Amino acid sequence: MRLLLLLLALPVSAETLETLSAFETVQVARGVHAFIGKQTESPLVSGNSVVIIGDDGVLVVDTGHFPSGTRRMIAQLRKLTPLPVRYVVNTHWHPDHNTGNSLYAEAFPQAVFISTTATREGIETEAPKYGPETLQQQLPALREAARTGKTRKGVQLSETQRATVTQFLAESDSALPDMLQSRHLAPSLTFEKELTVFLGKREVRILFLGRANTAGDAVVYVPDVKVLAAGDLVVHPVPYMYGSYMSEWAKTMDALLRLDAAVIVPGHGPLLRDKTYPLLVKRLLESLTTQAASLRNETLEDARKKLDVKALRDELTKGDAQLNRDFDSSVLEPGFARALREAKEGPLKDEN
Ligand SMILES: [Zn+2]
């Protein structure tokens, strides 16, 4: 009986480490492969990774969030090519894209880690605040909240919030011991605007197109096969807008769309074989920032009531209930708040 009660209390959708770290290996073009992370509803996610094989070595874009997953990526990579990884690019500082760095450094000691200057700064200063050690410190308070149904400040949780916390705890318990196995490793080679790497004859261009989802997002472009690894400038099916530079991101998307890309590997989600989705993201950014500009004398609360992005939301989510919730929590909430802040204060300073 007690076991049954216990099982009933566990949300059915809590994911295990195995699912959270799962990925599919996809050939993107000749000599370019992607590890596409499995999409779940968990906040514990792993970004996509791209393997670019040249004549004399390999360049890897992003290294994943879960060390066990990164080890499997490295094993897959060794099946794809006997060549060593010579370069690793971190597209931005968010830990779901670079926690696996130290695993690559162990497997390929000669590899050089590259990012924009701002991303290196973010990996040094911001990433640890969201790393596994921080999560470990937060767990007792979360357990207490799940047990009592209240936060430490006495705020009552709704049943849905309590279930979400319980689910997150189950996922953390499954994934945290693995996440704690990585060692903090920031890039040692940085650039401001552009860095070109030659893997023998194969040219790989690493570009900073402007501030966007972070202050230092890099994209990686392989001209001979027209492949673009977009990092979290493009997250499918719903953009991720926490901490973003909204009006600049719209312009950065213009620069991204100007690149002659036949295939785009987004930071999360499946390969995109045309530019329909990034164009939609650009229109959404423009709509949010234009409306924020005209609502800049309103409070955030009042501005939210007058904001109208329903048509773009429907175009993006096609009415799917879960995607609508994702849209509200990762576009409307943080994205519009940032856009309004920009409209009120002018360009925001780098927060990585
Ligand atoms: Zn990400």
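This section describes the zinc site, the sheets, the helices and the unusual backbone geometry of a predicted model.

The zinc ion has four coordinating residues: D96, H97, D232 and H268. The two aspartates coordinate through OD atoms, and the two histidines through NE2. The distances run from 2.1 to 2.3 Å. The angles subtended by the four donor atoms range from 85 to 165°. A tetrahedral assignment would require all angles to lie between 85 and 135 degrees. The spread of 85 to 165° makes the arrangement around the zinc ion irregular. Along the sequence, the donor residues follow the spacing D-H-x134-D-x35-H. The pair H97 and H268 links distant parts of the chain, 171 residues apart. H97 sits in the loop between β5 (85-89) and α4 (101-107). H268 belongs to strand β12, residues 263-268. Both H97 and H268 are buried.

An open sheet is built from seven strands, in the order β1-β2-β3-β4-β5-β6-β7. Its pairing is mixed. β1 (23-29) and β7 (189-191) are the edge strands, and each pairs on one side only. From one strand to the next, the twist averages 20°. The two kinds of pairing appear in β1 with β2 and in β6 with β7. β1 and β2 are antiparallel and share six bridges. Q27 has H33 of β2 as its bridge partner. Two residues separate the strands of this hairpin, where G31 adopts a positive phi near 70°. Strand β6 (residues 112-116) runs parallel to β7, and three bridges join them. Here T116 is the bridge partner of F191 in β7.

Two helices contact this sheet. Helix α3 (residues 67-80) packs on the sheet and touches β1, β2 (32-37), β3 (49-53), β4 (58-61) and β5. The direction of α3 makes about 40° with that of β1. Helix α5 (residues 117-125) lies across β6 and β7. Relative to β6, α5 runs at about 105°.

Further antiparallel pairing involves β8, β9 and β10. Strand β8 (residues 194-199) pairs with β9 over six bridges, in the antiparallel sense. L195 stands opposite I206 of β9. The hairpin of β8 and β9 has two residues between its strands. In that hairpin, G200 takes a positive phi near 70°. β9 also pairs with strand β10 (residues 218-222), again antiparallel, over four bridges. L207 stands opposite V219 in β10. Strand β9 (residues 202-208) has seven residues, and five of them are buried. β9 is therefore largely enclosed by the rest of the structure. In a regular strand, side chains alternate between the two faces of the sheet.

Helix α9 spans residues 276-294, a run of 19 residues. From first to last C-alpha, α9 reaches 27 Å. That is close to the 27 Å expected at 1.5 Å a residue. Many positions along α9 are listed as buried, including Y277, P278, L280, V281, L284, L285 and L288. Polar side chains are also among the buried residues, including K282, S287, T289 and Q291. An α-helix has 3.6 residues a turn, so residues three or four places apart point the same way. The cover over the buried residues of α9 includes the strands β11 (227-235) and β12. Helices α8 (246-258), α10 (300-306), α11 (310-317) and α12 (321-345) also contribute to that cover.

Three loops carry unusual backbone geometry. Most residues other than glycine have a negative phi, and most peptide bonds are trans. H236 and P237 are joined by a cis peptide bond, with omega of about 10°. P237 lies in the loop between β11 and α8. K226 is not a glycine, yet its phi is positive, at about 55°. This lysine, K226, is found in the loop between β10 and β11. K226 counts as partly exposed because its relative accessibility is 35%. K318 also has a positive phi, of about 50°, although it is not a glycine. The loop between α11 and α12 holds K318. With a relative accessible area of 69%, K318 is exposed.

Terms used
Residues are numbered from 1 along each chain as its sequence is written. This is a predicted model: local features need pLDDT of at least 70, side-chain atom pairs count only at pLDDT 80 or more; totals for chains, interfaces and linings use all residues. Side-chain values use heavy atoms; hydrogens and water are left out. Donors are N, O and S atoms within 2.8 Å of the metal (3.2 Å for Na, K and Ca); water is not among the atoms, so sites may look incomplete. Four donors count as tetrahedral if all angles lie between 85 and 135 degrees; four count as square planar and six as octahedral if opposite donors are over 155 degrees apart and all others between 65 and 115; anything else is irregular. Buried means under 20% relative accessible area, exposed over 50%, partly exposed in between (1.4 Å probe, protein chains only). Two strands pair if DSSP finds at least two bridges between them. Axes are lines fitted to C-alpha atoms, for helices over the stretch in contact, and angles run from 0 to 180 degrees between N-to-C directions. Contact means heavy atoms within 4.5 Å. The expected span of a helix is 1.5 Å times one less than its number of residues.
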